[in-house]
Each structure stands twice: as structure tokens, then as C-alpha cells.
Amino acid sequence: MQWETVIGLEIHAQLSTQSKIFSGSATTFGAEPNTQASLVDLGMPGTLPVLNAEAVRMACKFGLAIDAEIAEKNVFARKNYFYPDLPKGYQTSQMDHPIVGKGHLDITLEDGSTRRIGITRAHLEEDAGKSLHEDFHGMSGIDLNRAGTPLLEIVSEPDIRSAKEAVAYVKAIHALVRYLGICDGNMAEGSLRCDCNVSVRPKGQAEFGTRAEIKNVNSFRFIEKAINHEVQRQIELIEDGGKVVQETRLYDPNKDETRSMRSKEEANDYRYFPCPDLLPVVIEQSFLDEVRASLPELPGQKRERFEREFGLSTYDASVLSASREMADYFEQVYATCGDAKLAANWVMGELSSLLNKEGLDIEQSPVPAEHLGGMILRIKDDTISGKIAKMVFEAMAAGEGSADEIIEKKGLKQVTDSGAIEAMLDEVLAANAEQVEQYRASDEAKRGKMFGFFVGQAMKASKGKANPGQVNQLLKKKLEG
């Protein structure tokens, strides 16, 4: 039997506000445990929450960016459950009246095709604290610094059909919230977490299968692996005569498997009711107009502009616009050198390889964008060859200065004097007289292979400094003259 995978994702993005959603406590990551939790966060009697206006502004930014309906009136509710790191015994969230309604996001897949994924809603809520299980001699510790940090929970439609599509969607959300400046997207620190709702059904069946939810997956790689494992688990279970039960599961990356955590709760299990301490939020059109005017160029818009203005392929434009920092770096390189294709090749090639090797982000690049653009200018004006450029790039990465400084200091200027190149070629051919005779006696097919040998010898003799185009042209004349 052929099976179809159905996936819906719930992404929790911590909003980059300076204070919490209902209190003035700081949201800085990495502070000493329980030093950033106020009486409001702890749910002490007599305390009242005050809504952070910046969190509302950020939620509206996201809603406008995904072309969603923004609720003129949205309401906070209490989601009741007991857990040690939830001191109030309830989480203030939104249920029936979320701030962001239906929207959509277009994703680009590995083959260059695009798909539109529906977004059901995005609502504001407070984060819970964190349970710590290390170094407590068999007991658990509770850190309430995170309690009350503003979250935007982004809920997709069940439109995703594979683990790779899921990763593409999460990457698109990750890029979008970073472009908007509403979340730093640091998955290792828990700033962006994903719950994956996964089910399978026979191909062609309209009805959805029973879903399992994989909680709090915090890397793109783990999202793909967790979904693939869960899909295989469900298919094998059904084909062996079993039934998938609706439950919450955890992904164990060390064992590459999901395991049962608890039975899946329904909304009525949480006994939602409107929060009596918070008035409904009414959003005026003038506020939305102000937020819309503050939106930056979004990833999809930037990709389209890169294709249109710079003539880049969809793939290149997608890679370069994947993060705001990468796009800015590329545009700075282009502004210096004026050649979009060469700039794209060097940013996506040598630079990306260096950053991956060193484990650095683009904003930590040891090669400033202006230096890379300056080096590309020297390739364009034939001061250096592509091969020498790689040596210059390595020197720039080592902090030895700009391209011009390195070329001058190391004497790397390309030889373009025809007379000097001809004299050098005469020496090379004289030193390889036997191969010259063989070349001249060979047919066209063999000559092609042998020609590379002479080019190699010439470049070796010039220590890579001779202009390759001139070497090829003059060498051909001499060998066939």
C-alpha cells in the first residue's frame, strides 16, 4: 500500500522584547536561575498583568508579513494545567480570538519548485519556566527566568507532505522572523521551537489519520529525522495490524527515535476561559498602518529582486536571501565590485565554505564584504587570476589586509605582458621538445589532452601569475605554428 504523510507544525517563536509579556522582568538569556522572575511571573496573590505593547506590535508585523487577517479585537484566555515550572497553575494564552488569523507562506524546495503552506493562526502567549534535571542528586530544579517571556505560536494548516517540506517551511519562518526583527531564531537557546503533528493515510484517502505530536524539536536536522522516524513507525504499526493513538511524543536524537510522553490532550482538557485580569485588545487601523509602514523588504521580495535586478538564478537568489545578514553581505560585495554573478559565486562558494569550516555566522566573517568586493575587482581587471584569487582570499581570511595590500606585499600581480609570456612559453616548449613533436604528430582528440599538459607547465613556470587566457591563446599559436 502507498502511504501519504500529513504534517502540521506549531512553531513557538520567543519575541525579542526587552521585558516579559505581562511584567517588567528582563528576558536576557543566560542569567542566573530565578533572577529574572517578578511577583507577577510567579503568580503571587494581588498581582495583575499589564500587556506589553511591543509584543502586540511584533505579532501584527508577523501577521502582515504572511498576508493574514489581523483580529480587530483579540482576547487572552487562561489555559489551565499543572506543571512544576508553571507557578500560576495556568498559562495566559489566546484560544477563540487570536491576534493573527488565516495567512500563508510560500516555501522553495530543493528542486527549485515552490509550495504555498497555509497558516491557521498565530497567537500570543507567555512561556513557562524550565525544569532542570542535572546536578540535583536525583531531584529536579526549576528556573523561572523564562516564565512570562512572550511567545508567538504559529500554527500551520496540515498542508505539509514530507519531512523535507517541513524543514523548508521552518526555515522560511525562521528567516521571516529574523528579517522582521521579532525573534533572534536561536534554536539552540530555545528561541524558536517546533512541535510536529504527524499522521499517515492511504494515498488517495481524504480523511486524515490519527496524529502524534512530537514536542519541542529544536534543530532543522532533528525536525527532518524526527518526522521521518515517526512516519516509518506509524506505517509499520498500521501494517502490522496495530492502531496509531493520539499522543505526545519526544524525539531522542541519540537513539534517532520518538518515544511516548503522554496521551494527547484536547482543548477542553485545559478548561480555557477568558482571562479576567486582561481586557480585550482592540487594534486600530492607524496602528496597523504604522506597523505596515515599518516592514522591511521580506525574504520573498528580496529573492525576486535579486533575480530581476541581478539576473541571478532562483536557486542563487534563494540562498543569498535566506537570511537578512547574508543578503546584506552579498549586496555590499556587489556594491564594491559591480558584478552580481561573481559576487554570488564567491559568497556562496569560498566564503560559505570558510564559515562552515570555522563554525561562524556571516556577521562574524573574517573577510569584510568590502575586501571581498575589492578582490573581485582585481579579478575583473586581470590584476590576478582566479587561482591567485584563492590565495588572496586565504590571506584576507587570515587577517593580512585588503586584496590590494596582499597583492602588493606578496607580488601576486598577474603577468599580462605578451612579450614576457611569449618568452616564458618559448622556454617551456624548448624544455619539452619531445612532447611538442608528439603533439604536432597527433590527431585532434589527442592534442586536446596534451594541450592541458603544456598549459600546466606554463602556469607552473610563471608561478601561477601568467594570464591564463593569454597563455592559452599564445600557446596554441606556437604549437601549431
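1. Two strands pair if DSSP finds at least two bridges between them. By that rule, three strands of this predicted model form an open sheet in the order 4-3-14. The pairing in this sheet is antiparallel.

2. The edges of the three-stranded sheet are strand 4 (90–93) and strand 14 (273–274). Each has a single partner strand, so one side of each is left without a neighbour in the sheet.

3. Look next at the contact between strand 3 and strand 14. Strand 3 covers residues 77–80. Two bridges link strand 3 to strand 14, in the antiparallel sense. To check the register on screen, start at Arg78: its bridge partner in strand 14 is Phe273.

4. A second open sheet has eight strands. Their order is 5-6-9-1-10-11-12-13, and the pairing is mixed. Strand 5 (103–108) and strand 13 (257–263) are the edge strands, and each pairs on one side only. On average, neighbouring strands of this sheet are turned by 30 degrees against each other, direction ignored.

5. At one end of that order, strand 12 (residues 247–252) meets strand 13. The two run antiparallel and are joined by six bridges. Tyr251 has Thr258 of strand 13 as its bridge partner.

6. Which strands does helix 1 touch as it packs on the eight-stranded sheet? Helix 1 (residues 53–65) touches strand 6 (114–126) and strand 9 (150–156). The direction of helix 1 makes about 170 degrees with that of strand 6.

7. Helix 2 (residues 163–180) packs on the sheet as well. Helix 2 touches strand 1 (3–14), strand 5, strand 6, strand 9 and strand 10 (192–202). Its direction makes about 115 degrees with that of strand 5. Strand 6 and strand 9 are thus listed for helix 1 and for helix 2.

8. Now the backbone. Most residues other than glycine have a negative phi. Asp67 has a positive value, with phi near 55 degrees. Where is Asp67 placed? Asp67 is in the loop between helix 1 and strand 2 (73–74). Asp67 counts as exposed because its relative accessible area is 56%, and the cut-off for exposed is over 50%.

9. Asp382 also has a positive phi, near 65 degrees, in a residue other than glycine. Asp382 lies in the loop between helix 9 (369–380) and helix 10 (386–397). The relative accessible area of Asp382 is 39%, so this residue is partly exposed. Partly exposed is the class between under 20% and over 50%.

Note on methods
Residues numbered from 1 in each chain as written. Predicted model: local features only at pLDDT ≥ 70, side-chain atom pairs only at ≥ 80, totals over all residues. Heavy atoms only, no water. Helix = DSSP H or I, 4+ residues; strand = E, 2+ residues; numbered from the N terminus. Axes fitted to C-alpha atoms, helices over the stretch in contact; angles between N-to-C directions. Contact = heavy atoms within 4.5 Å. Buried < 20%, exposed > 50% of the residue type's maximum accessible area, 1.4 Å probe, protein only.
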